[in-house]
Protein chains: 2
Amino acid sequence: MTNAPLGLSLVTLGVADLSRARAFYTAMGLAPSPQGNDNVVFFQMPGGVLGLYSRAALADDATVDAAGSGFAGITLACNLDSSADVDAMIARAATAGGRVVKPGQTVFWGGYSGYFADPDGHLWEVAHNPFFAKDDRGVLAIG
Amino acid sequence: MTNAPLGLSLVTLGVADLSRARAFYTAMGLAPSPQGNDNVVFFQMPGGVLGLYSRAALADDATVDAAGSGFAGITLACNLDSSADVDAMIARAATAGGRVVKPGQTVFWGGYSGYFADPDGHLWEVAHNPFFAKDDRGVLAIG
């Protein structure tokens with residue numbers, strides 16, 4: 001047994017329609033892992049795994065009531081190397097069936113950022129932060 | 001401009017009380033990054049960054065209504081090397097001010113898993129999955 005810190009290995013998004021969600025994230029350039037099956041989809045990314053699972057089944061797994069609405073209180077962020085990359089990623093999301101929530105724009109902290117929602121409403125910030133670095137595997141490494 | 005796939009760089013948790021949330025995650029073994037300030041806390045992890053930010057400010061940043069309740073439809077997962085590690089992490093969360101939502105138990109997919117909620121209700125699954133590997137940096141690598 002170790003005393004390792006809490007670490008984020010995987011983020012699971014609850015979705016209403018697994019096929020629709022898989023198609024969206026595939027169109028965003030991700031390849032479904034062979035570890036998935038008819039009930040769950042996994043995407044390997046440089047820093048961990050993104051999972052898609054039925055929203056009802058996810059609530060059931062956590063033993064919580066599946067009811068919920070409005071702002072989830074959590075956002076995912078994709079950091080890119082330039083403002084042009086941000087605009088391109090948000091445009092790609094719109095084409096793939098997402099919704100542009102906030103077009104890319106210069107923001108108060110000195111970077112460039114926008115938001116899209118995936119088909120289930122999960123919010124992704126797409127940002128270029130000139131003060132943040134990435135390591136040799138593409139993982140955000142701010143120190 | 002690149003055509004890189006969508007990647008998850010950072011997860012931001014909206015919180016009601018930044019000091020309380022920072023204390024909780026610090027007690028979970030994470031060290032606040034010097035990149036943070038009085039309004040935002042960042043924790044560097046092997047696969048990216050976990051951020052804490054005012055829930056209202058996070059909604060404002062995304063230009064969405066801050067109102068929301070019930071199941072967020074998203075869970076974070078921490079994969080560990082043994083069932084004993086899972087139990088220890090969930091116990092640590094309870095001591096740190098979290099809430100045990102589902103005690104660690106053997107689950108249908110052949111692993112061992114439980115859930116805790118942080119002080120703002122964000123759900124963390126803590127799991128041992130004997131079928132999933134990690135790379136040399138501790139990043140979940142399922143292929």
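**A predicted two-chain model: from one serine to the whole assembly**

Good morning. Let us begin at a single residue: S33(A) sits in the loop between α1 and β2 (40-45) of chain A. Please keep in mind throughout that this is a predicted model.

Is S33(A) buried or exposed? The count of other C-beta atoms within 10 Å is 16, so S33(A) falls into the partly exposed class, since a residue needs 20 or more to be buried and 12 or fewer to be exposed. Setting aside residues up to four places away in sequence, S33(A) touches F42(A), F43(A) and Q44(A), and also I142(B) and G143(B) of the other chain. In addition, S33(A) and G51(A), which are 18 residues apart in sequence, have C-alpha atoms 9.8 Å apart in space.

A second residue, I90(A), belongs to helix α3 (residues 83-96) of chain A. I90(A) counts as buried because 24 C-beta neighbours lie inside 10 Å. The contacts of I90(A), again leaving out residues up to four places away in sequence, are V100(A), P103(A), G104(A), G114(A), F116(A) and V126(A). With V100(A) the separation is ten residues in sequence and 6.8 Å between C-alpha atoms.

I now turn to the layout of chain A. The chain is divided into domain 1, covering 9-65, and domain 2, covering 74-143. Their C-alpha centres lie 20 Å apart. The contact between these domains takes eleven residues from domain 1 of chain A and 13 residues from domain 2 of chain A. On the domain 1 side, the elements that give two or more residues are β1 (10-15) and α1 (18-27) of chain A. Which of the elements gives the most to this side? It is α1(A), with four residues. By class, the domain 1 side holds nine nonpolar residues, one polar and one charged.

Strand β1(A) deserves a closer look. Six of its six residues are buried. One face carries L10(A), T12(A) and G14(A), the other carries V11(A), L13(A) and V15(A), and both faces are covered. Within chain A, β1(A) runs parallel to strand β3 (residues 48-54), to which six bridges join it. As one instance of this pairing, G14(A) has Y53(A) in β3(A) as its bridge partner.

β1(A) also pairs across the chain boundary. Four bridges link β1(A) and β5(B) in the antiparallel sense. Here the bridge partner of V11(A) is L76(B) in β5(B).

On the chain B side, then, what is the setting of β5(B)? This strand is mostly covered, with six of its six residues buried. I74(B), L76(B) and C78(B) form one side and T75(B), A77(B) and N79(B) the other, and all of these are buried. Inside its own chain, β5(B) runs parallel to strand β8 (residues 123-128) of chain B, with four bridges between them. N79(B), for example, has A127(B) as its bridge partner in β8(B).

Let us consider the interface as a whole. How many residues of chain B are in contact with chain A? The figure is 65 residues of chain B, meeting 65 residues of chain A. Strand β5 (residues 74-79) of chain B supplies the largest share of the chain B side, namely six residues. Sorted by class, the chain B side comprises 38 nonpolar, 22 polar and five charged residues.

There is a further strand pairing between the chains. Strand β4 (residues 68-70) of chain A and strand β4 (residues 68-70) of chain B run antiparallel and are joined by three bridges. In this pairing, G68(A) stands opposite G70(B).

How are the two copies related to each other? A turn of 180° with a shift of 0.0 Å along the axis lays chain B on chain A with an RMSD of 0.0 Å. The two copies are therefore related as by a two-fold rotation axis. The same surface serves both copies, as 100% of the contact residues of chain B recur in chain A. Among the residues of chain B, G47(B) comes closest to the rotation axis, its C-alpha lying at 1.8 Å.

I close with the predictor's own scores. Chain A has an average pLDDT of 96, and 99% of the residues score at least 70. For the complex, the predictor gives an ipTM of 0.96 and a pTM of 0.97. Thank you for your attention.

Terms used: Residues are numbered from 1 along each chain as its sequence is written. Chains are lettered from A and ligands numbered from 1 in the order in which they are written. This is a predicted model: local features need pLDDT of at least 70, side-chain atom pairs count only at pLDDT 80 or more; totals for chains, interfaces and linings use all residues. Domain bounds come from an automatic or database domain assignment. Two residues are in contact if their C-beta atoms, placed from the backbone, lie within 7 Å. Ala, Val, Leu, Ile, Met, Phe, Trp, Tyr, Cys and Pro count as nonpolar, Asp, Glu, Lys and Arg as charged, and the others, Gly among them, as polar. Two strands pair if DSSP finds at least two bridges between them. Copies are superposed by least squares on the C-alpha atoms of residues with pLDDT of at least 70 in both. pLDDT is the predictor's confidence in each residue, from 0 to 100.
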